[in-house]
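Trainee: I should like to take a close look at one part of this model and then see what surrounds it. Could you guide me through it step by step?

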Amino acid sequence: MKTATQRFARLLPIAATVAAWAMAGTALAQGVLVPQAPAAPPQDTLTRAATSVGIKRCLPAITRLATLTVQGSRGHDVLLDWDRKRPDDGPMFSLVGIQYPNAGVAASITAIPGDSGTCTVSAERISVAPFTCQSVAEQELKDYQMTRLLPIYAVYTDPKEPTSSVSLIDSPPGCLVIRRYVEYGWRDPSTPAAASAPAAAPAGQAPKRR
């Protein structure tokens, strides 16, 4: 059976045909700047920025999502917003700009602390494909169910993974692609509470996706 991390990894295909979008070479955390070494491979600047402002409880989930999100990229930059008065107890919102050799992608990662050490986490990956949405669906989403919301807007879901979705929005001459993932009640599997949880409980899993 696939782990939730493996399922989420499917949300992040590196499409060389996506329209390019680049951002600057430092990570902006709304006043917290995290320099990146230009000669080194891109690092997870979201984890570094979140750590620098005092976010701890949801940090393992943030790191997992951020690492998968920037995997294979040439560079990335982060805009971070958080509760200044309660950095480890309030929500964290981020926008990540990701640069590939000939393409660019935007991603959004959110983490909200819950009760008893749990977190609600979500991630979105936003890209533009230079094809029609119909052709994208035929190539990548053959086994998905489609729900039409507007004439230009369709949402695709996999019955085996009902908490995930892929939205396609016609934007001639291309297609706006939004891959969405969410999990409620995520718990760090390395914590004692997670280790003692029943095997069937979702607390010991990495985040699922929407």
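Trainee: Where is the place of Leu 149?

Mentor: The model in front of us is a predicted one. Leu 149 has its place in strand β7, which covers residues 145-150. Leu 149 has a relative accessible area of 48%, so it counts as partly exposed. Together with Leu 150 and Ile 152, Leu 149 forms a nonpolar patch on the surface, and the three share about 270 Å² of accessible area.

From this surface patch, let us turn to nonpolar residues in the interior. The largest nonpolar core has 29 residues, and among those with the most contacts inside it are Leu 46, Ile 55, Ile 62 and Val 121. At least two residues of this core come from each of α2 (45-52), α3, β3 (75-82), β4 (92-100), β5 (103-113), β6 and β10. Helix α3 gives the most, with six residues. Ile 55 shows how such a residue is surrounded: leaving aside neighbours within four places in sequence, Ile 55 is in contact with Ala 50, Ile 62, Trp 82, Pro 87, Asp 88 and Met 92. There is also a second, separate core of twelve residues, including Leu 141, Ala 154, Tyr 156 and Val 166.

Helix α3 deserves a short inspection of its own. Helix α3 runs over residues 59-70, and its twelve residues, at 1.5 Å a residue, should span 16 Å. The end C-alpha atoms are 16 Å apart, which agrees with that expectation. Its buried residues are Leu 59, Ala 61, Ile 62, Leu 65, Ala 66, Leu 68, Thr 69 and Val 70. After α3 comes Gly 72, with a positive phi near 85°.

Charged side chains add another layer to the picture. A search of the whole structure finds six salt bridges. One of them joins Glu 140 and Arg 179, whose closest N and O atoms are 2.3 Å apart. Glu 140 belongs to helix α4 (residues 133-140) and Arg 179 to strand β10, so this pair ties together parts that are 39 residues apart in sequence. The two partners can be compared with the cut-offs for exposure. Buried means under 20% relative accessible area; Arg 179, at 8%, therefore counts as buried. Glu 140, at 44%, counts as partly exposed.

Strand β10 takes part in another of these pairs. Arg 180 and Glu 124 meet through their side chains in a salt bridge of 2.7 Å, N to O. Arg 180 is in strand β10 (residues 174-186) and Glu 124 in strand β6 (residues 119-129), so that distant parts of the chain, 56 residues apart, are linked. Arg 180 counts as partly exposed at 28% relative accessibility, and Glu 124 is partly exposed at 25%. A further salt bridge joins Arg 84 to Asp 81, with the closest N and O atoms 2.8 Å apart.

Finally, two details of the backbone merit attention. Most residues other than glycine have a negative phi, and most peptide bonds are trans. Ser 116, which is not a glycine, has a positive phi of about 55°. Ser 116 lies in the loop between β5 and β6, and its relative accessible area of 61% means that it is exposed. The peptide bond from Pro 172 to Pro 173 is cis, with omega near 10°. Pro 173 is found in the loop between β9 (161-171) and β10.

Conventions:
Residues are numbered from 1 along each chain as its sequence is written. This is a predicted model: local features need pLDDT of at least 70, side-chain atom pairs count only at pLDDT 80 or more; totals for chains, interfaces and linings use all residues. Side-chain values use heavy atoms; hydrogens and water are left out. Patches are made of residues with over 30% relative accessible area and no salt bridge: like charges are joined within 9 Å, nonpolar side chains (Val, Leu, Ile, Met, Phe, Trp, Tyr) within 5 Å. Accessible areas come from the Shrake-Rupley method with a 1.4 Å probe; for residues, only the protein chains shown count as cover. A salt bridge is a side-chain nitrogen of Lys or Arg within 4 Å of a carboxyl oxygen of Asp or Glu. Helices (H or I, at least four residues) and strands (E, at least two) are DSSP runs, numbered from the N terminus. Buried means under 20% relative accessible area, exposed over 50%, partly exposed in between (1.4 Å probe, protein chains only). The expected span of a helix is 1.5 Å times one less than its number of residues. A nonpolar core is a set of buried Ala, Val, Leu, Ile, Met, Phe, Trp, Tyr and Cys residues joined through side-chain atoms within 4.5 Å. Contact means heavy atoms within 4.5 Å.
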